[in-house]
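Here is a short tour to read with the model open on your screen. We will start at the surface, step back to the whole chain, and then look at some side chains one by one.

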Amino acid sequence: NPDKIKSVLEKQKTEIDEKKEKISLAIPELEKLYSGSFNKPRVSFYEGKEGLREVYWQILDTPKTVYSIFSPDNFFKLFSLTENHKLMMTLYNNGGGLHSLVEKTETPREELKKDEYKKFIKSKNLPNGFHFETDLLVAGNKVALISFKNLIGIIIEDGAIADLQKNFINTIWKINSV
C-alpha cells in the first residue's frame, strides 16, 4: 500500500532524529576523550642572544638532572663566565645535576673545572673531530636545541622525544671512554 510507504519513511525519519539527538548529546564527551588521548608536544621558538639565554634558563632552572651535548667554544663566544656561573649555580641550588658530553677544545676550559661544579656536574669529552655549532639539552620532558650559527633556540616539551634524546646522550656516554 502506497500510504504505508509514507508511514514507514516517517517512522525511519523519527528514529534517525532520535539517534541524531543522542549522538549530539554524546559528542562533547567524545571530543574530550579524543583530545585528551593525544598529548600534543609544545614547541617554543627563540631568537637572538636574549632568546638563547631564555632557553638556558628554562632548561637549567630545574631540580632534575640535565643531559647535554655542549660546545664550550661556541657558548663562551656568546655568554660570559659570570652568566655561565649563574646558570650552573641555579641548577645546583635547585638540587639538579648535569651530565654533559663536551666538545674538545684546542685549549682546555679551566672555568669548567671549578671544584664547586664537581659536586653536581659529570662531564666527558667527546672524541676528536666531533665538532658542532649547537647545544642539545634535555631535562625532564623538555628538549632544547640551540644553534649558535643562526642564534635560534627551540624547546620541545614531549616526554617521548625527551626520552629518546636522553637515551642517545646516555648511549654515547657509555661507549665514550675519553
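## A nonpolar patch on the surface

In this predicted model, four residues, Ile23, Ile27, Leu30 and Leu33, make up a nonpolar patch on the surface, and together they offer about 380 Å² of accessible area. One of them, Ile27, sits in helix α1, which covers residues 2-36. Ile27 has a relative accessible area of 37%, so it counts as partly exposed.

## The chain as a whole

Stepping back, you can count five helices and seven strands in the protein. Read from the N terminus, the elements follow the order α-β-α-β-α-α-β-β-β-β-β-α.

How does the radius of gyration compare with that of a compact globule of 178 residues? Such a globule would come out near 16 Å, whereas the protein has 27 Å. Along the principal axes, the C-alpha atoms fill a box of roughly 100 × 35 × 30 Å.

Of the 178 residues in the protein, 35% are buried. The accessible surface amounts to about 11,700 Å², and carbon and sulfur atoms account for 55% of that area. If you take the contacts between residues at least 6 apart in sequence, 73% of them join residues at least 24 apart.

## Salt bridges

The structure contains five salt bridges. Three of them are set out here, with the distance between the closest N and O atoms where it is given that way.

| Salt bridge | N to O distance |
|---|---|
| Arg42 and Glu157 | 3.2 Å |
| Arg53 and Glu50 | 2.4 Å |
| Asp115 and Lys118 | 3.4 Å |

Let's begin with Arg42 and Glu157, whose closest N and O atoms are 3.2 Å apart. Arg42 belongs to strand β1 (residues 42-47) and Glu157 to strand β7 (residues 152-157), so this pair ties together parts that lie 115 residues apart in sequence. Are the two partners buried or exposed? Arg42 is exposed, at 53% relative accessibility, while Glu157 is buried, with a relative accessible area of 18%.

The pair Arg53 and Glu50 lies within one element: both are in helix α2 (residues 48-60), three residues apart, so about one helical turn separates them. Glu50 is exposed, its relative accessible area being 54%. Glu50 and Arg53 also belong to a network with Glu83, joined by salt bridges that share partners.

In the bridge between Asp115 and Lys118, both residues are exposed.

## Around strand β7

Strand β7 is a good place to linger. Ile155 lies in this strand and is buried, with a relative accessible area of 0%. Which residues does Ile155 touch, not counting those up to four places away in sequence? The neighbours are Arg42, Val43, Ser44, Tyr46, Val55, Gln58, Lys142, Val143 and Ala144. Among them is Arg42, the residue that also forms the salt bridge with Glu157. For a sense of scale, the C-alpha atoms of Ile155 and Ser71 are 18 Å apart in space, with their positions 84 residues apart in sequence.

Ahead of the strand, Leu151 is placed in the loop between β6 (142-147) and β7. Leu151 has a phi near 50°, a positive value in a residue that is not glycine. Most residues other than glycine have a negative phi. Leu151 is partly exposed, with a relative accessible area of 29%.

On the other side of the strand, Asp158 is found in the loop between β7 and α5 (159-175). Asp158 has a relative accessible area of 15%, so this residue is buried. What lies 3.0 Å from a polar atom of the Asp158 side chain? It is the backbone nitrogen of Ile161. Leaving aside neighbours within four places in sequence, Asp158 is in contact with Asn39, Pro41 and Asn141.

Methods: Residues are numbered from 1 along each chain as its sequence is written. This is a predicted model: local features need pLDDT of at least 70, side-chain atom pairs count only at pLDDT 80 or more; totals for chains, interfaces and linings use all residues. Side-chain values use heavy atoms; hydrogens and water are left out. Patches are made of residues with over 30% relative accessible area and no salt bridge: like charges are joined within 9 Å, nonpolar side chains (Val, Leu, Ile, Met, Phe, Trp, Tyr) within 5 Å. Accessible areas come from the Shrake-Rupley method with a 1.4 Å probe; for residues, only the protein chains shown count as cover. A salt bridge is a side-chain nitrogen of Lys or Arg within 4 Å of a carboxyl oxygen of Asp or Glu. Helices (H or I, at least four residues) and strands (E, at least two) are DSSP runs, numbered from the N terminus. Buried means under 20% relative accessible area, exposed over 50%, partly exposed in between (1.4 Å probe, protein chains only). The radius of gyration is taken over C-alpha atoms; the globule rule is 2.2 Å times the number of residues to the power 0.38. Contact means heavy atoms within 4.5 Å. A polar contact is a pair of N or O atoms within 3.5 Å; within protein, one must be able to donate a hydrogen and the other to accept it, and residues adjacent in sequence count only if both atoms are side-chain atoms.
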